[in-house]
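The exercises that follow ask you to work through salt bridges, helix geometry and nonpolar packing, each with a solution given step by step. Please look over the sequence and the structure before you begin.

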Amino acid sequence: MDGEREVLEERLAGANRHVAVGRLLVDRQRKSISAGQLGAHHLGLATELLVELEQSLRLHLADRNRLRKELAKLSSRLTRVQKRNPASAAVSVRTSRTRS
């Protein structure tokens, strides 16, 4: 399960990066539109792009939230296993220390 946890943590880190970049892009696009320096044609394109960026951000947020839930479930399962079998918890701790 430790390997599964590591994979989920890596995927969550990637999702967090995507959310951060997405927020920056949405903010930059909103500022570009609100600056009022675009012609009608360019304003329409800029607004369409903003809609697409916002949709992409919503998808990244949903993915991040799903990964957080998966990680929480896995952590809960690990905690239950460790409470039932303290010896397996000690082995798990020793194994993870030798990997470092």
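**Exercise 1.** In this predicted model, find the partner with which Lys31 forms a salt bridge, and establish where both residues lie.

*Solution.* The partner of Lys31 is Asp27, and the closest N and O atoms of the two are 3.2 Å apart, which is within the 4 Å that a salt bridge requires. Both Lys31 and Asp27 belong to helix 1, where they are 4 residues apart, about one turn of the helix. Turning to accessibility, Lys31 has a relative value of 53% and therefore counts as exposed, because the exposed class begins over 50%. Asp27, with a relative accessible area of 36%, is partly exposed.

**Exercise 2.** Identify the salt bridge between the side chains of Glu9 and Arg5, and describe its setting.

*Solution.* The N to O distance between Glu9 and Arg5 is 3.1 Å, and the two residues, both in helix 1, are 4 residues apart, about one turn of the helix. Glu9 is partly exposed at 35% relative accessible area, and Arg5 is likewise partly exposed, at 27%.

**Exercise 3.** Determine how Arg66 and Asp63 are placed in helix 2, and which network includes them.

*Solution.* The side chains of Arg66 and Asp63 meet in a salt bridge with an N to O distance of 2.4 Å. Because they are 3 residues apart in helix 2, about one helical turn separates them. Salt bridges with shared partners then join Asp63, Arg66 and Glu70 into one network. Over the whole structure, the search finds 5 salt bridges.

**Exercise 4.** Check whether the span of helix 1 agrees with the number of its residues.

*Solution.* Helix 1 runs over residues 2-34 and holds 33 residues, so at 1.5 Å a residue the expected span is 48 Å. The end C-alpha atoms are 48 Å apart, which agrees with that expectation. After helix 1 comes Gly36, whose phi is positive, near 75°.

**Exercise 5.** Which residues make up the largest nonpolar core, and which elements give two or more residues to this core?

*Solution.* The largest nonpolar core has 7 residues, namely Leu8, Leu12, Ala15, Leu67, Leu71, Leu74 and Leu78. Helix 1 and helix 2 are the elements that give two or more residues to this core, and the largest share, 4 residues, comes from helix 2. Leaving aside residues up to four places away in sequence, Leu71 touches Arg5, Leu8, Glu9 and Leu12. Apart from this core lies another, of 5 residues, including Val19, Val26, Leu50 and Leu57.

Technical notes. Residues are numbered from 1 along each chain as its sequence is written. This is a predicted model: local features need pLDDT of at least 70, side-chain atom pairs count only at pLDDT 80 or more; totals for chains, interfaces and linings use all residues. Side-chain values use heavy atoms; hydrogens and water are left out. The expected span of a helix is 1.5 Å times one less than its number of residues. A nonpolar core is a set of buried Ala, Val, Leu, Ile, Met, Phe, Trp, Tyr and Cys residues joined through side-chain atoms within 4.5 Å. Buried means under 20% relative accessible area, exposed over 50%, partly exposed in between (1.4 Å probe, protein chains only). Contact means heavy atoms within 4.5 Å.
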